[in-house]
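Reader: I have a chain open here and would like to go through a few of its features with you. Could we start with the cysteines?

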Amino acid sequence: MGCTRKMGCTRKLGWPQKLFVVVLTAFLACASAKAQSAKEKDLLEAGRVDEAIADLQAKIKTAPDDAELYNLLCRSYFALGSWDRSVSACEKAVALQPDNSRYHLWLGRAYGEKASNSNFLSAAGLARKVRSEFETAVQLSSSSVDARTDLAEFYLEAPGIVGGGQDKAVAEAHTLASLDPAKAHWVIARIAQKNHDPAAAEKEYRAAVEASHGSANAWINLAFFYRHQERFEDMEDAINHAASAQMNTPEVLMEAAETLIDTGRNFPFAVALLQRYLSNSMVEQAPAFKAHYLLGTVLEKMGDKQGAAQEYRTSLSLARNFSRAQAALDRLNR
């Protein structure tokens with residue numbers, strides 16, 4: 001007599017059914033991991049970095065082998081400028097999943113920021129790690145525009161002793177030309193600036209605007225160039241174009257406002273840009289706590305100390321360890 005379910009027997013699975021079970025289990029595990037980190041990604045994009053860090057640390061205790069949780073923790077500390085903690089978390093993500101290009105890219109970025117805030121000897125050693133991580137990111141994902149752009153910028157800025165070189169940056173630009181022409185023009189523009197050729201640089205920045213069909217990001221890069229050249233009227237014109245362009249990169253609004261604040265120009269427009277950013281979808285690249293801090297800064301410059309203090313407090317409510325906001329609030333309280 002054959003075994004039936006009523007008798008409490010279980011039927012053995014053939015290899016097709018076993019394969020299906022294995023695939024389904026893997027799929028469900030992947031979906032569970034994505035769901036587990038979705039909330040923290042949303043918190044990070046909303047600029048609620050303290051909540052993101054607390055949630056991530058709690059989840060890591062129960063899922064210590066989840067590389068994505070460590071990557072998100074790395075990016076949370078990165079947003080705060082806490083470079084040592086950012087590096088530590090990103091190193092863990094890479095150790096858990098060494099074939100993930102994005103994790104190597106973020107580790108390279110964290111090493112780079114730590115190097116920028118270190119003494120010469122430490123910076124040199126970290127620079128080599130930056131190069132290694134960016135090159136690995138490109139090797140693992142040769143079509144990644146972000147990885148190739150960051151690597152090109154490293155080659156341009158780093159001295160030859162740690163692996164930099166303009167010839168390498170040019171090679172990356174040539175590869176980027178088929179992936180993202182606007183980014184390729186941006187790299188060539190940066191090289192021209194480095195070589196003290198502003199006419200060639202401006203031509204390339206404008207070529208990036210054309211290649212991107214007038215993207216906000218390309219316009220703000222042109223504005224940064226004009227600022228560096230102290231062509232402030234042209235800078236404001238480029239910012240106006242950036243603000244009115246299709247906003248696929250909302251962080252441009254905050255970058256534009258910060259540029260106006262730093263150059264002491266058109267404070268009311270800077271306020272409007274920041275309020276526009278904070279009232280719409282926010283992104284990780286421009287954390288809300290920094291936007292509130294910048295809004296406080298410009299309000300303070302305009303003489304609205306009460307409004308400034310409120311913005312600084314709002315910034316700290318999202319990121320209590322954001323020292324710039326705390327210092328600004330302490331200054332006002334004095």
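Reader: How many disulfides does the count come to?
Author: The count comes to 1 disulfide, and please keep in mind that this is a predicted model. The bond joins Cys74 to Cys90, with an S to S distance of 2.0 Å.

Reader: Which parts does that pair tie together?
Author: Cys74 lies in helix α3 (residues 67-80) and Cys90 in helix α4 (residues 83-96), so the disulfide links parts that are 16 residues apart in sequence.

Reader: And is the disulfide left-handed or right-handed?
Author: The torsion about the S-S bond of Cys74 and Cys90 is about -80°, so the disulfide is left-handed.

Reader: Is Cys74 buried or exposed?
Author: Cys74 counts as buried because its relative accessibility is 0%, and Cys90 also counts as buried, at 0%.

Reader: Switching to α5, what covers its buried residues?
Author: The cover includes α3, α4, α6 (120-140) and α7 (145-157), and among the buried residues of α5 are Tyr103, Trp106, Leu107 and Tyr111.

Reader: What caps the N-terminal end of α5?
Author: Asn100 does, through a side-chain oxygen that lies 2.9 Å from the backbone nitrogen of Arg102.

Reader: One more topic: where is Glu251 found, and which side chain of opposite charge is nearest?
Author: Glu251 is found in helix α13 (residues 251-262). Although Glu251 is buried, it has no salt bridge, and the nearest side chain of opposite charge, Lys183, is 8.0 Å away.

Reader: What does Glu251 touch, then?
Author: Leaving aside residues up to four places away in sequence, Glu251 touches Tyr277, Val283, Gln285 and Ala286.

Notes:
Residues are numbered from 1 along each chain as its sequence is written. This is a predicted model: local features need pLDDT of at least 70, side-chain atom pairs count only at pLDDT 80 or more; totals for chains, interfaces and linings use all residues. Side-chain values use heavy atoms; hydrogens and water are left out. A disulfide is a pair of cysteine sulfur atoms within 2.5 Å. Helices (H or I, at least four residues) and strands (E, at least two) are DSSP runs, numbered from the N terminus. Buried means under 20% relative accessible area, exposed over 50%, partly exposed in between (1.4 Å probe, protein chains only). Lys and Arg count as positive and Asp and Glu as negative; His and the chain ends are not counted. A salt bridge is a side-chain nitrogen of Lys or Arg within 4 Å of a carboxyl oxygen of Asp or Glu. Contact means heavy atoms within 4.5 Å. A polar contact is a pair of N or O atoms within 3.5 Å; within protein, one must be able to donate a hydrogen and the other to accept it, and residues adjacent in sequence count only if both atoms are side-chain atoms.
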